[in-house]
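Here is a short, informal tour for anyone meeting this protein for the first time. Have a look at the sequence and the model, then read on.

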Amino acid sequence: MGTGPNAKKPGARSKVKKYKKKTWLCRRAKDTDQIQDEIEKSRDSGKPIAFVYDDDLPGGGQFYCVETGRHFTDAKALADHKKSRYYKRRCKELKEEKYSQDIAEWAGGMTKEVLPPAHAKK
């Protein structure tokens with residue numbers, strides 16, 4: 001056991017845990033299924049994903065990477081990002097088939113397949 005200032009107070013580390021969880025959640029990247037939905041909607045509507053100029057977003061929201069769901073300050077930063085390992089991995093993940101409820105049930109063992117009887121009558 002430690003003898004520091006926080007060692008004697010019960011629950012003193014809980015504030016640190018809450019802070020870490022909060023910062024992790026706010027910086028978390030979009031999930032692949034959310035991005036696949038966005039790409040599918042833009043493909044169906046025939047319009048690319050575009051943003052109106054917004055001062056709160058980096059670069060006014062004009063330099064957006066669809067595959068990772070991130071905004072960049074300028075075109076050079078976006079071009080550098082598209083050469084990165086993170087971008088290439090995300091593109092590979094997005095090419096995979098999207099998960100559905102049927103796949104989840106199959107993985108969980110809740111299949112609806114009909115098996116032949118073990119002892120068939122002759």
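Before we start, one term: two residues are in contact, or touch, when they have heavy atoms within 4.5 Å. Keep in mind, too, that this is a predicted model.

## The overall layout

Let's begin with the big picture. The protein has five helices and two strands. Reading from the N terminus, the order is α-α-β-β-α-α-α, with the two strands following the opening pair of helices.

Of its 122 residues, 13% count as buried. The accessible surface adds up to about 11,000 Å², and carbon and sulfur atoms account for 54% of that. As for contacts, take those between residues at least 6 apart in sequence: 33% of them join residues at least 24 apart.

## The largest pocket

Which residues line the largest pocket? The list is Cys26, Arg27, Arg28, Ala29, Lys30, Thr68, Gly69, Arg70 and Tyr86. Sorted by character, that lining gives four charged residues, three nonpolar ones and two polar ones. The space inside comes to about 200 Å³.

## Tyr86 and its surroundings

One of those lining residues, Tyr86, is worth a stop. Tyr86 sits in helix H4, which covers residues 85-95. Is Tyr86 buried, partly exposed or exposed? Its relative accessible area is 35%, so Tyr86 is partly exposed.

Leaving aside residues up to four places away in sequence, Tyr86 touches Ala29, Thr68 and His81. Ala29 and Thr68 also belong to the pocket lining. Along the chain, Thr68 and Tyr86 are 18 residues apart, and their C-alpha atoms are separated by 8.5 Å.

## His81, a buried neighbour

Next up is His81, which Tyr86 touches. His81 is part of helix H3, residues 75-81. With a relative accessible area of 7%, which falls under the 20% cut-off, His81 is buried.

What does His81 touch, not counting residues up to four places away in sequence? Its partners are Cys65, Thr68, Arg70, Phe72, Tyr86 and Tyr87. Thr68, Arg70 and Tyr86 are also in the lining of the largest pocket.

## A pair of rings

Now for the aromatics. A pair of aromatic rings is described by how far apart the centres are and by the angle of the planes. This structure holds one aromatic pair. The partners are Phe51 and Tyr64: their ring centres are 4.8 Å apart and their planes stand at 65 degrees, so the pair is edge-to-face.

The pair links distant parts of the chain, with the two residues 13 apart. Phe51 lies in the loop between helix H2 (32-45) and strand S1 (63-65), while Tyr64 is in strand S1 itself. Phe51 is partly exposed, at a relative accessible area of 33%, whereas Tyr64 is buried, at 13%.

Methods
Residues numbered from 1 in each chain as written. Predicted model: local features only at pLDDT ≥ 70, side-chain atom pairs only at ≥ 80, totals over all residues. Heavy atoms only, no water. 1 Å grid on protein atoms, 1.4 Å probe; cavity = no way out; pocket = protein on both sides within 12 Å on 5 of 7 lines; lining within 4 Å. Points joined across faces, edges and corners; volume = space filled by probe spheres on them. Nonpolar A, V, L, I, M, F, W, Y, C, P; charged D, E, K, R; others polar. Phe/Tyr/Trp six-rings, centres within 6.5 Å; stacked < 30°, edge-to-face > 60°. Helix = DSSP H or I, 4+ residues; strand = E, 2+ residues; numbered from the N terminus. Buried < 20%, exposed > 50% of the residue type's maximum accessible area, 1.4 Å probe, protein only. Areas by Shrake-Rupley, 256 points an atom, 1.4 Å probe, with all protein chains shown as cover.
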